[in-house]
Amino acid sequence: MTGPSVGTLVRLKLTLLRNGLRRSPWQIVAFVLSAVWAAGLVFAVGAGLVALRFAGMDVAGPVVVGVGTLVVLGWALVPLVAFGVDETLDPGRFATLGIPRRRLVPGLLLAGLVGMPGVATALLAAAAVVTFSRSAGATLLAVPALAIAVLTAVAASRATTTAAAAVLRRRRTRDVLAILSGVLLVGLGPAVNIAVERAGGGLADLGRAAAAVAGWTPPGLGFAAAADAAAGHWTQALVRLVLAAAVLALVLLGWSAALGPAGTGPAVHTSAAGRADTRAHPLLDRLPATPAVAVASRCARYWRRDPRYLISAASLLVVPLLFVVLPASQGGTGSWPLVAGPVIAFVMGWSLHNDIAYDHSAFALHVTTGLRGRDDRAGRVLAALVWQLPVLLVVSVGGALLAGRADLLPAVLGAALASIGAALGVSSVASALVPYPAPAPGANPFQTPRGAGAATVAVQFGTSLATSLLAAPALVPAVLAHLGLTWAGWIALVLGLACAVAWPWLGIVQGGAVLDRRAPEVLARVGSS
């Protein structure tokens, strides 16, 4: 079978996106909000790129090369820790068609440009062409050079996530990579701060030197080729253009290889030891056998073994380090460690706002057995609390002691408890009311399933705002305590304890009622992703 043409796959992507908007009015609202945000970003950055057309190449070249290199790196690395990639055309869906990878990969590459991130990147690349339009020849070379850079960014995002999904099948490898990623993420900020501090008044020279190095790295070759042409360095421009094309070819080959022999992604292998491990949590194993505890036990195993949950948990544990290592690199931690507890509490509780979608088709068991929505909500909250609450306490107490402000410990604990309580309450309602597609069990944990892109932005923004508002009663006195009214910290602690009890309870009750009423719709939504 020869397989579909590239144009066919692009049209298929457009059709699927259009049909996705017809699913519900919320999809259209989310799409419009995302489009407005993307348009504002493109307009602001694009205007800056056009303005650089009238600046000297000693300024425009390093700026575009440096920023462009970071954009390509962002495409390659950000999906590994946030958002994932839009797999509207999941390669696994073509498994039965026998499409050769040499036809499938180019089609999926161009289809990857169809979407907010792809369109925004392409438009900004077009604005960069204007930046380098210093002559007819420079403009003609900038077009293919920047097109190659954009395609390399899209291909890199697919290649890294597909390869990482294959590596993460092994639990020991997942643990090692999570630790290394955390170390790199935490160490990046101090490294930049140290470099800037040493540069002193020569920050501009440091930027030019960094851009010169970036121009010879795979992510920066295309941008540097366009800059060389605009500066009249034609030999160097042609060399970098050829190297940029070679890098794109190698990334595509790597992506093709990561897709596996069938071109549909790495196979899933489950060890016998993994299948035999039925432990949940020492505390949950001792609780009475109730429906809520059964749900909690299953979810606890997810948190311990499922790559989708493990990636989320690993990224959470990096958060408190950012509030310690980054300030320390500037000469002292100050009061920043005090923020670590409330922030990680917020993120931990908020991470459950789409928890039900991770069940995928397995949620049908809840529907067919008549499980009460309240038991489902309570079980998920309990499974999260058995490991999140100890982390919250350790980070909050440690942050207060590290900052040398033990007197503010009540305020910190109050803010943290209010944050996790509000987040769990909001998540209990949101995951039943507005679930959006999530990667299926065994699928690439970094992909964003069809129809989830715009919905993800809208739901995440709404749940974050609601959580902040519900936690405010304890956050306000906590801030006042930090400003000098130490006694307000005890008010924050009392209100935080109240929020930690009231909001999850209310979320379980209301979210359970929503789930009882909408269980078939929820199953149709999460089971088809």
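These are a few informal notes on a predicted model, centred on helices α14 and α17.

1. Ground rules: this is a predicted model, with local features needing pLDDT of at least 70, side-chain atom pairs counted only at pLDDT 80 or more, and totals for chains, interfaces and linings using all residues. Numbering runs from 1 along each chain as its sequence is written, and side-chain values use heavy atoms, leaving out hydrogens and water.

2. Overall, the chain has 19 helices and two strands (DSSP runs numbered from the N terminus: H or I of at least four residues, E of at least two). Of its 529 residues, 47% are buried (under 20% relative accessible area, 1.4 Å probe, protein chains only).

3. Now the pair. The axes of α14 (residues 337–350) and α17 (residues 409–433) come within 7 Å and cross at roughly 10° (lines fitted to C-alpha atoms over the stretch in contact, angles from 0 to 180 degrees between N-to-C directions). That makes α14 roughly parallel to α17, a term for angles under 35 degrees.

4. Who touches whom? From α14, L338, G341, P342, A345, F346, M348, G349 and W350 meet V412, A415, A416, S419, I420, A423, L424 and S427 of α17 (contact: heavy atoms within 4.5 Å). By class, this contact has twelve nonpolar, four polar and no charged residues (nonpolar: Ala, Val, Leu, Ile, Met, Phe, Trp, Tyr, Cys, Pro; charged: Asp, Glu, Lys, Arg; polar: the others, Gly among them).

5. As for α17 itself, 22 of its 25 residues are buried, so α17 is largely enclosed by the rest of the structure.

Notes
Parallel < 35°, antiparallel > 145°, perpendicular 65-115°, else oblique. Buried < 20%, exposed > 50% of the residue type's maximum accessible area, 1.4 Å probe, protein only.
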